[in-house]
Amino acid sequence: MYGDFRKLIMDNIEYDYGIESLFEEDYKDAQAYHRRALQFHHKGQAFSLVFNIASVALERYLVAICELYGVEPMNHNFITLMITVDKLIEVPRKLSKEVKSLDQIFGICFLDNYFHGTPDEADAIKTLRMCEEMKKLFDQEKIKSVRAALAHAEQY
């Protein structure tokens, strides 16, 4: 009986529970890194530190969006993540372009020629702003439905 019910649930839900269940962890991580980046900014910490922590928050937000919609990102550079997120939700074009531009600072797309630029105050503030904008793009109704479906599935 358990197997039949679980199959019925899985056949009628459009996402993969394994990926979806990762959503909560990445979403919470994104929020925590975002808060820490804001704290560091308000305490006057180095711009490079604020930028780096905010960049991790932004990456976690992007991964969480992918997982919310049941998609496992191919990799975690900003260009690839943003291309994936752009396919899942409507993202303002300017924000999408700004997020993709972060790969120019990190240079993580090219492992043979990896470099890490030196972010300045403008980069730190821009990345904090992008985190705020990305955070607002989460569909709270979708989050509720995923949480409810996962809670229901865990009962069986």
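## Aromatic pairs and a shared cluster

In this predicted model, the count of aromatic ring pairs comes to 4. One of them joins Phe 23 and Phe 138: the ring centres are 6.4 Å apart and the planes meet at 45°, so this pair is tilted. It ties together distant parts of the chain, since Phe 23 sits in helix α2 while Phe 138 is in the loop between α6 and α7 (140-154), 115 residues apart. Are these two residues buried or exposed? Both Phe 23 and Phe 138 are buried.

Phe 138 has another partner in Tyr 61. Here the ring centres lie 5.9 Å apart with the planes at 55°, and the pair is therefore tilted. Once again distant stretches are linked: Tyr 61 belongs to helix α3 and Phe 138 to the loop between α6 and α7, with their positions 77 residues apart in sequence. Tyr 61 and Phe 138 are both buried. If you would like to find the whole group in the viewer, look for Phe 23, Tyr 27, Tyr 61 and Phe 138, which form one aromatic cluster.

## The overall layout

Stepping back to the whole chain, you will find 7 helices and 0 strands. Read from start to end, the pattern is α-α-α-α-α-α-α. Of the 156 residues in the chain, 40% are buried.

How much of the contact pattern comes from residues 24 or more positions apart? Among contacts in the chain with a separation of 6 or more, such residues account for 67%.

## Helix α3 beside helix α6

Helix α3 (residues 47-68) packs with helix α6 (residues 121-136) at an angle of about 25°, and their axes are 8 Å apart. An angle under 35 degrees counts as roughly parallel, and so α3 and α6 are described as roughly parallel to each other. The crossing of α3 past α6 is left-handed.

On the α3 side, the contact is made by Phe 47, Val 50, Phe 51, Ala 54, Ser 55, Ala 57, Leu 58, Tyr 61, Leu 62 and Ile 65. These meet Glu 121, Asp 123, Ala 124, Thr 127, Leu 128, Met 130, Cys 131, Met 134 and Lys 135 of α6. By residue type, the contact of α3 with α6 splits into 14 nonpolar, 2 polar and 3 charged. Tyr 61, which takes part in this contact, is also a member of the aromatic cluster.

## Helix α3 beside helix α4

Helix α3 also packs with helix α4 (residues 78-88), at an angle of about 40° and with the axes 9 Å apart. These two helices are therefore oblique to each other. The crossing of α3 and α4 is left-handed.

Which residues make this contact? From α3 come Ser 55, Leu 58, Glu 59, Leu 62, Val 63, Ile 65 and Cys 66, and from α4 come Phe 78, Leu 81, Met 82, Thr 84, Val 85 and Leu 88. The contact of α3 with α4 divides into 10 nonpolar, 2 polar and 1 charged. Leu 58 is listed in the contact with α6 and also in the contact with α4.

## Leu 102, a buried residue in α5

Leu 102 is found in helix α5 (residues 93-106). Its relative accessible area is 2%, so Leu 102 is buried. Setting aside neighbours within four places in sequence, Leu 102 is in contact with Phe 51, Leu 58, Phe 78, Thr 127 and Met 130.

Several of these partners are familiar: Phe 51, Leu 58, Thr 127 and Met 130 appear in the contact between α3 and α6, and Phe 78 takes part in the contact of α3 with α4. For another distance to check in the viewer, the C-alpha atoms of Leu 102 and Pro 119 are 10.0 Å apart, and these residues are 17 residues apart along the chain.

## Asp 26, a buried residue in α2

Where does Asp 26 lie? Asp 26 is part of helix α2 (residues 17-42). Buried means under 20% relative accessible area, so at 7% relative accessibility Asp 26 counts as buried.

Leaving out neighbours within four places in sequence, the contacts of Asp 26 are Arg 60, Val 63, Ala 64 and Glu 67. Asp 26 and Glu 67 are 41 residues apart in sequence, and their C-alpha atoms are 8.5 Å apart in space. Val 63, another contact of Asp 26, is also among the α3 residues that meet α4.

Definitions and conventions: Residues numbered from 1 in each chain as written. Predicted model: local features only at pLDDT ≥ 70, side-chain atom pairs only at ≥ 80, totals over all residues. Heavy atoms only, no water. Axes fitted to C-alpha atoms, helices over the stretch in contact; angles between N-to-C directions. Helix = DSSP H or I, 4+ residues; strand = E, 2+ residues; numbered from the N terminus. Parallel < 35°, antiparallel > 145°, perpendicular 65-115°, else oblique. Left-handed = near helix turned anticlockwise from the far one by under 90°. Contact = heavy atoms within 4.5 Å. Nonpolar A, V, L, I, M, F, W, Y, C, P; charged D, E, K, R; others polar. Buried < 20%, exposed > 50% of the residue type's maximum accessible area, 1.4 Å probe, protein only. Phe/Tyr/Trp six-rings, centres within 6.5 Å; stacked < 30°, edge-to-face > 60°.
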